[in-house]
Amino acid sequence: MAVVSGDAPDRPAAPPKVQGLNCPKCGAALSVRSFDHAVSIVCGSCHSILDAKDPQLRILQQFEGKVHEVQPLIPLGRRGRWHGAAYELIGFQQRTIAVDGAHYSWHEYLLFNPFKGFRYLTQYDGHWNDSVTLRSVPDATRGVIGTVTHEGVTYRHFQTATAVTSFVLGEFPWEVRVGESARVSDYVAPPRVLSREATGNEATWSIGQYTSGRDVWAAFALPGSPPKAVGVYANQPSPYGRAGRVWRPFLKMAGALLVLMIVLSSLALKSQVFKHTYTFDTRRAQPDQPESSFVTEVFDLQGHTSNVELTTEASVSNNWIGVSYALINEDTGQAYDVGREVSYYSGRDQDGAWTEGSTRDVAVIPSVPPGRYYLRVEPDADPGPGTIRYTVILRRDVPSFLLYGLALLALAIPPGFATWRSMSFEQARWAESGGSAPDMGSDS
Amino acid sequence: MSQPGANCPNCGAPVRFRWSSSVQTVCEYCQSILVRTDVDLRKVGTVADLPRDGSPVQIGTEGRYRHLSFVTIGRVIYEYDQGLWSEWHLAMSDGKNGWLSDAQFEYAVTFAAPRRQMPAAGAVNVNQRYEWDGVQYTVTTITDARYRGIQGELPFQTWDKEKARFIDLRSAAANCATLDYSDADPVLYLGEIVDGDALQLKNLRSFEGWPS
């Protein structure tokens, strides 16, 4: 640029030079900070709004500023480094909307750099937005009412209201008046917001980006700390992320779990260590008959402490067989007692054929140490004339899918909770939405 | 860029042209408006005081547009009901000329399109559509403007001009077009809306209290 100094300071030079003028009403000194861009200047002492384009500084309006004096959080004339350049605060206005009889006000800070132009900082309830005017008109999204598209991003209509300028300070590159109203429509795609402002038959659009008060405080070297943000703002990005995003780690973990399950179940021995078929003579189920229990031969359970799957298959049909098992360690005498029942019934009624039960039953005995074992088997059934054939199968080290299911459930808790919080956040955001339908009609 | 040397017929100061096809220039010393003829320079008037404006661009500002660099060699300031805007005459590094439209930090770079059949000024309405060189344009604004000031070298004469009607058009993308009805033969300018930062402007005007 024009002048290059050897020690260009990173911070903008301190006291900014201003043109000296005086208010024609009260004689107070006026500052003009935006050179020939100023169209309206507000006298800081008597609140006259002056025509900056008139050499005599014609008084355009005087307003009751003293009564409801509003103090800007960034003082007029303060320079800060913002968006990679030095910007100076040259104008401040408060704008007010009425919703259901209640008044809501937000503040707009006008920033200026003679090489870059104008930017706006808006502040409502501790929420800040950094905005610039758009040079193109966003398109109404095809086929979706209440949304607009800008540079490929779809924005949802949030609110339309009539905003009245209720307080002004400093200077503006447009004709400013207290009491002037504009229809303002906001469309959000967090962290951005598109705002359409219409006065008369003219509409201008601006794009804002949600900004933290801390960044504003740091940029303009403001004392203390920024006001706390209250509630959820229209285009405030959700701190909980997009609902879908929190499920990504879960999907990764679930995928890892699935791989683990496949690997472990393929590594699992699942070896059959015992299989034998017996016949139970139901005539022996009489109370006067001696006990039908017997013990099997001894077999080895190998490997580490692991589970044992006990399967009972029986040729039952409209009857049942109960089997009391004891898996007994031959050396230590430790016994694992398991009582199982296999029953299978079928028939036909007015609803058609029905079945109940199964001819097969599976039980898992967890944490059985390796060693030499045998089974004590005691069958039982209703007394009758027939016989029931049943097969007992023991398998060692069978993968348990239930555990994986539980792990998956446990993994789903954090993203589930996050989704819930995210949805609550969005609900809080849209609870503030309202106003009438968006005005789009007069845009060309 | 050829720089035929000549002298101001009014004050004798040397007059240099930075773009070979410039038709008119302003003497830097005596502010005479000079028009090039086949043989010499003819004084057609004197520039009035330029209106004050806040543009950071000045004569001699350099910048880049696409693969070309440019320097501003002239300017026309127009006035309309919303204020002023400037059209900066650019000498491009490929020897051609172009325009940098400058309205309150909103910039566009345009080039005069080859002559073609144009609609009559009164026959164009807002929202009407036109297609040029395969791009669809929609009329956005119709502006009646007044010549408010000139500076430097220009590719046309301005002394006989007072008012002009401009019809601005936009495409769905960043293309823009302007129909200039300041001559009997309307001229079509085609170009592009550009971001100020993208132009990489250098040698800007200096502002008191603002290190550049």
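## A tour from sheet to core

Select Leu310(A): it stands opposite Ala363(A) in S24(A). Strands here are DSSP runs of E with at least two residues, and helices are runs of H or I with at least four, both numbered from the N terminus. This is a predicted model, in which local features need pLDDT of at least 70, side-chain atom pairs count only at pLDDT 80 or more, and totals for chains, interfaces and linings use all residues. Residues are numbered from 1 along each chain as its sequence is written, while chains are lettered from A and ligands numbered from 1 in the order in which they are written.

**Stop 1: the four-strand sheet**

Select residues 306-314 of chain A, strand S20. Seven bridges join S20(A) to S24(A), and the two run antiparallel. Two strands count as paired if DSSP finds at least two bridges between them. Now add the rest of the open sheet: its order is S17-S26-S20-S24 in chain A, with antiparallel pairing. Which strands stand at the edges? They are S17 (271-281) and S24 (360-368) of chain A; each has a single partner strand, so one side of each is left without a neighbour in the sheet. From one strand to the next, the twist averages 15°.

**Stop 2: the helix pair**

Select 247-267 and 401-431 of chain A. These are helices H2 and H3, packed at an angle of about 170° with their axes 9 Å apart. Axes are lines fitted to C-alpha atoms, for helices over the stretch in contact; angles run from 0 to 180 degrees between N-to-C directions. H2(A) and H3(A) are therefore roughly antiparallel, a label for angles over 145 degrees (under 35 is roughly parallel, 65 to 115 roughly perpendicular, the rest oblique). On the H2(A) side, show Trp247(A), Phe250(A) and Met261(A), among the residues making the contact. On the H3(A) side, Tyr404(A), Leu408(A) and Pro415(A) are among them. Contact means C-beta atoms, placed from the backbone, within 7 Å.

**Stop 3: the chain A core**

Select Tyr109(A), Leu110(A) and Leu111(A). They have the most contacts inside the largest nonpolar core, which has 32 residues. The contributors of at least two residues each include strand S8 (102-113), strand S13 (153-172) and helix H1 (213-219) of chain A. S7(A) gives the largest share, five residues. A nonpolar core is a set of buried Ala, Val, Leu, Ile, Met, Phe, Trp, Tyr and Cys residues joined through C-beta atoms within 7 Å. Buried means 20 or more other C-beta atoms within 10 Å of the residue's own; 12 or fewer is exposed, in between is partly exposed, and C-beta atoms are placed from the backbone. Beyond its neighbours within four places in sequence, Tyr109(A) is in contact with Pro72(A), Ile74(A), Leu89(A), Phe92(A), Tyr120(A) and Leu121(A). A second, separate core of 29 residues includes Trp19(B), Trp99(B), Ala108(B) and Phe166(B).

**Stop 4: around S12 in chain B**

Select Asp133(B). This residue sits in the turn of the hairpin of S11(B) and S12(B), with two residues between the strands, and has a positive phi of about 50°. Glu131(B) has Gln136(B) in S12(B) as its bridge partner. S12(B) also pairs with S13(B), antiparallel over eight bridges. There, Ile142(B) is the bridge partner of Ile167(B) in S13(B).

Finish on Glu153(B), in the loop between S12 (135-152) and S13 (163-170) of chain B. Is Glu153(B) buried or exposed? Glu153(B) is buried, because 26 other C-beta atoms lie within 10 Å. Outside its neighbours within four places in sequence, its contacts include Phe17(B), Arg18(B), Trp19(B) and His89(B).

Notes. Contact = placed C-beta atoms within 7 Å.
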